[in-house]
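This briefing is meant to be read beside the sequence and the coordinates shown below. Please keep both in view while following the points, which are grouped by topic.

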Amino acid sequence: PEGRPVPGGGGCVEATGVCRDCMGCAKTGSGKTAAFVLPILQKLSEDPYGIFCLVVTPTRELAYQIAEQFRVLGKPLGLKDCIIVGGMDMVAQALELSRKPHVVIATPGRLADHLRSSNTFSLRKIKFLVLDEADRLLEQGCTDFTKDLEVILGAVPATRQTLLFSATLTDTLNELKSLAMNKPFFWESQAEVRTVDELVQRYLLVPEKVKDAYLVHLIQTFQDEHEDWSIIIFTSTCKDCQILNMMLKQFNFPSVALHSMMKQKQRFAALAKFKSSVFKILIATDVASRGLDIPTVQVVINHNTPGLPKIYIHRVGRTARAGRHGLAITLVTQYDIHLVHAIEEQIKTKLQEFSVEERAVLSILTQVNVTRRECEIKLEATDFDEKKEINKRKQMILEGKDPDLEAKRKAELAKIKKKNKQFRARVQQTLQEKKQLQLKRKLQKKLDSKNPDSSHLGPWLPGLAGCVLRG
Ligand SMILES: Nc1ncnc2c1ncn2[C@@H]1O[C@H](COP(=O)(O)OP(=O)(O)OP(=O)(O)O)[C@@H](O)[C@H]1O
């Protein structure tokens, strides 16, 4: 591929034969997975043993997808792989690990759990550590992987070659360099625009309250105009994802949901049915925004405008992959315009407006809103919110924390934060008042020295001082 090795030049193998760590940044769908799988397989064929390579990735679905690539490309070598992700049987995984697979593909949490609790396998001899979607792994977003990564990094040898990949590495380059310390070779594919040329990017300005009517209209239009179609719709929360799925089903659209509050088996089943076109619409949270490679996806709809440009880049990258064409439409409300500007600035391209027939939208507006409300009521009658709370508590227990103690700590921390904020505001105010007073005195002094009779200007000074302060 065309690209730019930075810095220092040279390749990722030095003249001495020593392998440098490697960071690869290229657009979504450009084939980064094969770019690390193939060289690893080549090295494995020269000196086969297990466990030879560890791949860490942020989502469970992605781990299965990477394993599939290893399986397909490594078949002639008789490659043995092992997938270690949460939500699956831990004992079966431990057994597999003890059988010394060549490649382990894992999500950080579950692998760290195995490392903490078992001594039936070792990662001390691995040659390669791959961090796919490396910037996400380092991010402290809703899922914070840093603690688990610490455990993993403590279990792998210092002499390994570390490989970091993502379509959005550049923002977190310095943090990533702390992981790839062996003279990292950084490859960035050269391009002005950060999304692929084959992707048509549009926005649709819609009032918040009528968003769903626009969505239904868009889907209906695609269904009417295309025979072979497939859409991913991204939502901001699990609840929204669930409600939208219920709603679209009411309109007889073939949709399926994917979010982190579903059981892992349901998640895999949903994805499999979408991949095989049993369902044409996948409604997902950002759990599906990175890495998933489903060639049939022609359209991505952002039901909410992503809060960060890099999330936008990954979401829209689920279409227009490997040279195919695709369309991304982002629903933008009156509150999101600044987010669109930030996205445009990052991707270095302007989104064009998508035009729809407003009258057609208006004609379904009431029906859509009523259906949505019905779905919300139905969901409230289930224990969806409760489940969320239970899931959170379960996660904490798995992390060795006491949920009640954590809740107490959180409340105390919030109290302290609030107090600190109030204190800072008070200090700020006092300083401001002091400043104003000093300025007022200074001005008075100046006026007095120029005109001893200026004392009659006294009442004007606060206003004047205010102007000076503001100006
Ligand atoms: N040389 C190639 N020729 C044709 N297709 C390829 C080639 N290399 C990879 N592909 C295919 O391109 C698709 C996208 O590859 P891949 O999933 O590795 O992209 P990626 O760069 O990792 O994207 P993302 O940043 O979204 O994770 C896959 O279906 C893959 O099989």
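**Strand 6 and its surroundings**

Leu129 stands opposite Thr162 in strand 7, and this pair is a convenient place to enter the model, which is a predicted one. On the other partner strand, Leu54 has Leu129 as its bridge partner in strand 6. The points below begin with these strands and then turn to the nonpolar cores, the chain as a whole and an annotated segment.

**Strand pairing and burial**

- Strand 6 (residues 128-132) pairs in the parallel sense with strand 3 (residues 53-56), and this pairing runs over four bridges.
- Strand 6 also pairs in the parallel sense with strand 7 (residues 161-166), here over five bridges.
- Because five of the five residues of strand 6 are buried, the strand is largely enclosed by the rest of the structure.
- The side chains of strand 6 are divided between two directions, with Phe128, Val130 and Asp132 pointing one way and Leu129 and Leu131 the other way, and all of these residues are buried.

**Nonpolar cores**

- The largest nonpolar core holds 80 residues, and within it Phe36 and Phe70 touch the most other members.
- Helix 8 (residues 211-225) supplies the largest share of this core, namely seven residues.
- Another core, lying apart from the largest one, consists of 32 residues, including Met23, Ile51, Ala106 and Leu179.
- Which residues is Phe36 in contact with, leaving aside its neighbours within four places in sequence? They are Val55, Ile66, Phe70, Val130, Asp132, Leu163 and Phe165, and of these Val130 and Asp132 point one way from strand 6 together with Phe128.

**The chain as a whole**

- The secondary structure of the protein chain comes to 16 helices and 15 strands.
- Of the 471 residues in the protein chain, 45% are buried.
- Among contacts in the protein chain with a separation of 6 or more, 76% are between residues 24 or more positions apart.
- The area exposed by the protein chain is about 25500 Å², of which carbon and sulfur atoms supply 55%.

**An annotated segment**

- An unreviewed UniProt entry places the feature "coiled-coil region" at residues 413-440.
- Over residues 413-440 the model has 100% helix and 0% strand, and the C-alpha atoms at the two ends are 40 Å apart.

Technical notes:
Residues are numbered from 1 along each chain as its sequence is written. This is a predicted model: local features need pLDDT of at least 70, side-chain atom pairs count only at pLDDT 80 or more; totals for chains, interfaces and linings use all residues. Side-chain values use heavy atoms; hydrogens and water are left out. UniProt positions are given in the numbering used here, feature names are shortened, and annotations may be inferred rather than shown by experiment. A nonpolar core is a set of buried Ala, Val, Leu, Ile, Met, Phe, Trp, Tyr and Cys residues joined through side-chain atoms within 4.5 Å. Buried means under 20% relative accessible area, exposed over 50%, partly exposed in between (1.4 Å probe, protein chains only). Contact means heavy atoms within 4.5 Å. Accessible areas come from the Shrake-Rupley method with a 1.4 Å probe; for residues, only the protein chains shown count as cover. Two strands pair if DSSP finds at least two bridges between them.
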